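Reader: I'd like a close look at one part of this protein, the open sheet and what sits around it. Could you walk me through that?

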Amino acid sequence: MGMTNPQTDIHHIVASMDTGIDDALALALLLAQPNVRLHGVSASYGNVLEQPAARNTRAVLSLLGRSDIPVFDGARHPSWAPYFIADAGCAQFHGSDGLGDVSTGDGDNADFTPTTPGETLASDANGLVTLTAPQIRNLTECGTAISVGGYQVGEKHADLPTMPELTIPSGSAHTPTPEKLEFPQESCSQATAGARMIVDAARAFGPDLTILVTGPLTDIDTALTLDPEAVRQARIVFMGGTLTQEGNCYDLVCETNMIQDPEAADRVLRSGADVTMVGLDVTHRCLLGSSDITPWNAAHTEASRFLTAIAEFSIRANAASEPIFAAGMPLHDPLAAAVALDATLVGTLDLPMCVETRSGDGTGVRGRTIGNPQGFIDASLRPTHVAVGVDRERFLARFTGDIANLLTSLR
């Protein structure tokens with residue numbers, strides 16, 4: 001099944017995205033397909049906070065002429081912690097606003113600039129409060145779990161921004177406790193509008209629905225909790241994890257989307273749903289170079305300028321970070337979007353999977369995606385389709401060509 005199916009063969013899709021640069025490119029690829037019906041996007045924390053992720057998503061959809069597609073507020077924090085701070089390293093690859101600090105053409109970039117941390121806990125018009133660095137320290141000293149890109153405040157890998165900020169619901173039920181800091185066993189997830197949108201779509205389209213996830217799996221975990229029977233009917237394709245390669249986190253074992261919420265990812269992989277994992281095993285083989293995006297400039301539109309600029313930002317950032325990316329940026333999220341449309345682009349190893357939720361002797365490495373040992377003795381466990389091979393040339397040709405055609409159509 002290819003990405004150029006007849007109009008009668010419709011792809012019904014909903015997405016959960018922490019919209020940064022490669023998420024935006026994945027959105028563009030979806031919008032380039034005439035037979036795709038993108039019914040909604042749940043904006044999630046991850047590359048940036050949830051609020052800028054939602055604004056980024058709406059801005060990209062508007063720029064590409066699809067402001068009719070609804071964007072819902074998804075998870076603002078992982079299931080293991082009530083608060084979240086975007087890792088400072090994300091700005092290296094996505095810019096401070098998540099979109100390479102490139103104007104979308106809708107005025108200036110003020111809407112995407114992180115709010116300067118305030119000095120009080122006064123809530124804004126959206127019922128959110130901003131915490132300063134001292135206030136964050138006070139919370140952690142009282143035992144409140146705060147995720148910094150997947151790591152707790154105080155851990156050596158918690159890469160705090162220079163001026164950390166944290167927005168939380170005013171009057172949150174999560175209050176500091178004197179207990180020792182540890183990854184909590186209970187779930188802190190919430191039934192967000194984004195999770196409910198995913199459930200509604202699963203009820204409406206059943207096995208004809210594909211759920212695309214390009215950020216943490218928190219939204220999908222929540223949706224499975226709300227209506228496991230309905231959501232398990234859908235096909236889930238997520239970008240994240242790694243099985244045969246090093247990770248891209250500090251321990252070189254874990255992948256970023258998985259370390260954000262290992263508990264949620266583990267529950268999704270064990271849920272019995274039809275899940276495809278598009279991880280670093282294949283995305284690191286699909287590199288987009290500067291010459292690949294040259295055709296995009298031919299459209300001479302605001303949209304072509306924007307997509308070219310954010311791609312160039314990521315190409316430069318990846319080249320500066322790792323010698324293996326000298327040839328270009330890895331197309332993490334666009335490949336997952338392409339696989340959601342055409343499963344034949346990747347070859348998979350099918351085996352029951354799990355995500356380790358603890359680190360240490362006898363427990364493994366938190367965030368690691370690995371075969372589920374229970375699967376060796378329980379044949380009833382549904383396997384995950386783990387992408388381990390990819391038709392790189394076919395994918396890159398379709399990706400660059402389809403986006404070029406989309407940009408030309410917007411002139």
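Author: Sure, terms first: helices (H or I, at least four residues) and strands (E, at least two) are DSSP runs, numbered from the N terminus, and two strands pair if DSSP finds at least two bridges between them. This is a predicted model, where local features need pLDDT of at least 70, side-chain atom pairs count only at pLDDT 80 or more, and totals for chains, interfaces and linings use all residues. Residues are numbered from 1 along each chain as its sequence is written, and side-chain values use heavy atoms, with hydrogens and water left out.

Now the sheet: 8 strands build an open one with mixed pairing, in the order 3-2-1-9-10-11-17-14. Strand 3 (71-73) and strand 14 (346-351) sit at the edges with a single partner strand each, so one side of each has no neighbour in the sheet.

Zoom in on strand 9 (residues 209-213), which pairs with strand 10 (residues 235-239) in the parallel sense over 4 bridges. Val213, for instance, has Phe238 of strand 10 as its bridge partner. Ile211 also belongs to strand 9. Ile211 counts as buried because its relative accessibility is 0% (buried means under 20% relative accessible area, exposed over 50%, partly exposed in between, with a 1.4 Å probe and protein chains only). Leaving out residues up to four places away in sequence, Ile211 touches Val14, Ile198, Ile220, Val231, Ala234, Arg235, Ile236 and Val237, a contact being heavy atoms within 4.5 Å. Ala201 is 10 residues from Ile211 along the chain, and their C-alpha atoms are 9.2 Å apart.
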